[in-house]
Amino acid sequence: MGYEDKVRRVIPYTPGEQPRGKVIKLNTNECPYPPSPKVTEAIRNLEISDLRKYPDPLCSALNSAIAEHYGVNEDQVFTGVGSDDVLSMIFLTFFNGSDPVLFPNITYSFYDVWASVYGIPYKTVALREDFTLDPTEYLNTVNGGIVLANPNAPTGIAEEYSVIRDIIEANPDSMVVVDEAYIDFGGETVLPLLKDHENLIIVRTMSKSRALAGIRAGYAIANSRAIKYLNDVKYSVNSYTMNTAALVAAKAAIEDEAYFKEITEKIIKTREETKKELRELKFLFGDSKTNFVFARHEGVRPGESSADFARRIFEGLKERGIFVRYFNKPIINEYLRITIGTEEEMKALFAVLKELMA
Ligand code: PMP
């Protein structure tokens with residue numbers, strides 16, 4: 001037996017594959033373009049001898065750049081090692097009640113993993129068939145908190161501002177977390193609600209629209225009291241989450257608005273072209289406001305179901321060095337999640353896709 005009966009056993013989150021070598025990676029919603037040249041410059045200017053020192057535990061320079069960007073105070077910003085770290089700290093800080101935390105049955109598949117590892121009770125709420133949120137389910141229930149990704153992943157669907165607002169206003173006694181990982185590609189942020197709503201915390205990432213997935217930087221914006229609670233928990237786990245290089249790279253990225261605009265606009269344009277091509281190939285999908293499309297197909301071979309098709313295409317693409325994401329889970333096992341790459345990458349994708357569908 002030994003130590004076995006004392007182990008905290010968990011079923012971990014499964015991240016998308018990170019294949020090495022020359023492949024087309026459309027499976028983890030990374031940015032197809034490099035980070036801002038200002039990031040290159042910031043990292044080049046790093047004083048290597050400074051690495052003997054611990055980084056700033058307050059992340060002051062970065063937090064103040066983020067605060068300035070959004071017109072909030074520095075004490076309203078919390079930074080972490082990717083938004084995964086930020087969300088994990090949020091779960092640990094704000095979900096310490098006995099009522100279940102609510103989130104959709106189809107959403108970012110890390111939420112239930114954090115709830116499980118921290119022993120937080122949770123309940124999933126079914127999305128409608130078209131993957132939109134049924135707000136009534138969140139309006140009159142006792143709950144321990146609410147987590148909504150908007151736009152949602154992996155569906156790509158964005159909810160109206162008023163839908164999210166009504167949920168926040170109906171739940172003054174719960175923290176409502178709005179994960180806006182993909183908001184820069186469409187959808188409407190609920191940032192304006194921060195000034196009148198103490199129970200709102202907004203989470204952002206630098207991994208998608210800021211092209212910094214490898215640096216691991218994400219942040220939360222809320223009222224200063226909530227951020228203080230979050231920092232108290234962070235400093236009870238690990239004071240130095242953000243490393244010196246990540247701090248300067250993330251700061252340079254948030255400051256380069258022109259480059260950010262240029263790459264997000266390019267991705268949005270390619271996304272709309274991708275939708276057009278997918279439609280021509282008879283794929284079915286909702287109106288993605290993200291940097292990916294979540295699409296299914298009725299199948300092209302005799303007797304081929306949507307799920308058979310999705311699996312076959314996923315494997316066929318992979319054999320040819322093109323990685324997309326397939327989730328072998330109920331309801332969504334008929335879908336492929338395709339990250340928007342460069343125009344050239346999408347051309348290569350469609351060439352192989354047409355071959356596999358012929
Ligand atoms: N939230 C959502 C909805 C996501 O899809 C992702 C990306 N996997 C994250 C958060 C985490 O992103 P990161 O940790 O890279 O900031």
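## Pockets, a cavity and two domains in a predicted model

The lining of the largest cavity divides into 5 nonpolar, 2 polar and 2 charged residues. The model is predicted. A search of the whole structure finds 1 cavity of 30 Å³ or more, and the space in the largest cavity comes to about 50 Å³. The residues that line the largest cavity are Ser36, Val39, Ser209, Arg210, Ala253, Asp256, Tyr259, Phe260 and Ile263. The largest share of this lining, 3 residues, comes from α9. Domain 1 (2-30 + 258-357) and domain 2 (37-255) each give at least three residues to the lining of the largest cavity.

### Domains

The domain assignment of the protein gives domain 1, made of 2-30 + 258-357, and domain 2, made of 37-255. The contact between them takes 29 residues from domain 1 and 28 residues from domain 2. Taken over C-alpha atoms, the centres of domain 1 and domain 2 are separated by 24 Å.

### Pockets

The table sets out the volumes of the spaces found in the model.

| Space | Approximate volume |
|---|---|
| Largest pocket | About 860 Å³ |
| Second largest pocket | About 340 Å³ |
| Largest cavity | About 50 Å³ |

About 860 Å³ of space lies in the largest pocket. The largest pocket is lined by 41 residues, and the closest to its centre are Tyr13, Tyr108, Ser109, Arg325 and Arg337. Two or more residues of the lining come from each of the elements α3 (82-94), β3 (101-104) and α4 (111-117). α3 provides the largest share of the lining of the largest pocket, 3 residues. By class, the lining of the largest pocket has 19 nonpolar, 13 polar and 9 charged residues. At least three residues of this lining are drawn from each of domain 1 and domain 2.

The second largest pocket has a lining of 16 residues, and those nearest its centre are Pro12, Tyr13, Thr14, Ser109 and Lys329. Tyr13 and Ser109 are also named among the residues closest to the centre of the largest pocket. α4 gives the most to the lining of the second largest pocket, with 3 residues. This lining has 9 nonpolar, 4 polar and 3 charged residues. The lining of the second largest pocket draws at least three residues from each of domain 1 and domain 2.

### Helices α3 and α11

Helix α3, which gives residues to the lining of the largest pocket, has 13 residues and should span 18 Å at 1.5 Å a residue; its end C-alpha atoms are 19 Å apart, which agrees. Of the 13 residues of α3, 11 are buried, so α3 is largely enclosed by the rest of the structure. The buried residues of α3 are Gly82, Ser83, Asp85, Val86, Leu87, Ser88, Met89, Ile90, Phe91, Thr93 and Phe94.

Helix α11 takes in residues 343-357, 15 residues in number. From its first C-alpha to its last, α11 reaches 21 Å, close to the 21 Å expected at 1.5 Å a residue. Met346, Leu349, Phe350, Val352, Leu353, Leu356 and Met357 are buried in α11. The elements that cover these buried residues include the helices α9 (257-280) and α10 (306-319). Strands β9 (283-285), β10 (292-297), β11 (322-323) and β12 (335-339) are also among the elements that cover the buried residues of α11. α9 also gives 3 residues to the lining of the largest cavity.

### Backbone features in loops

Most residues other than glycine have a negative phi, and most peptide bonds are trans. The peptide bond from Asn150 to Pro151 is cis, with omega near -5 degrees. Pro151 is placed in the loop between β5 (145-149) and α6 (161-170). Ala153 and Pro154 are likewise joined by a cis peptide bond, with omega about 5 degrees, and Pro154 is found in the loop between β5 and α6.

Ala211 is not a glycine, yet has a positive phi of about 60 degrees. The place of Ala211 is in the loop between β7 (200-205) and β8 (218-221). Relative accessibility of Ala211 is 12%, so Ala211 counts as buried, the cut-off being under 20%. Ile331 also has a positive phi, of about 70 degrees, although Ile331 is not a glycine. Ile331 lies in the loop between β11 and β12.

Methods. Residues are numbered from 1 along each chain as its sequence is written. This is a predicted model: local features need pLDDT of at least 70, side-chain atom pairs count only at pLDDT 80 or more; totals for chains, interfaces and linings use all residues. Side-chain values use heavy atoms; hydrogens and water are left out. On a 1 Å grid over the protein atoms alone, a cavity is a set of points where a 1.4 Å probe fits but cannot get out, and a pocket is an open set with protein on both sides within 12 Å along at least five of seven lines; lining residues have an atom within 4 Å of a point. Grid points are joined across faces, edges and corners, and a volume is the space filled by probe spheres set on the points. Helices (H or I, at least four residues) and strands (E, at least two) are DSSP runs, numbered from the N terminus. Ala, Val, Leu, Ile, Met, Phe, Trp, Tyr, Cys and Pro count as nonpolar, Asp, Glu, Lys and Arg as charged, and the others, Gly among them, as polar. Domain bounds come from an automatic or database domain assignment. The expected span of a helix is 1.5 Å times one less than its number of residues. Buried means under 20% relative accessible area, exposed over 50%, partly exposed in between (1.4 Å probe, protein chains only). Contact means heavy atoms within 4.5 Å.
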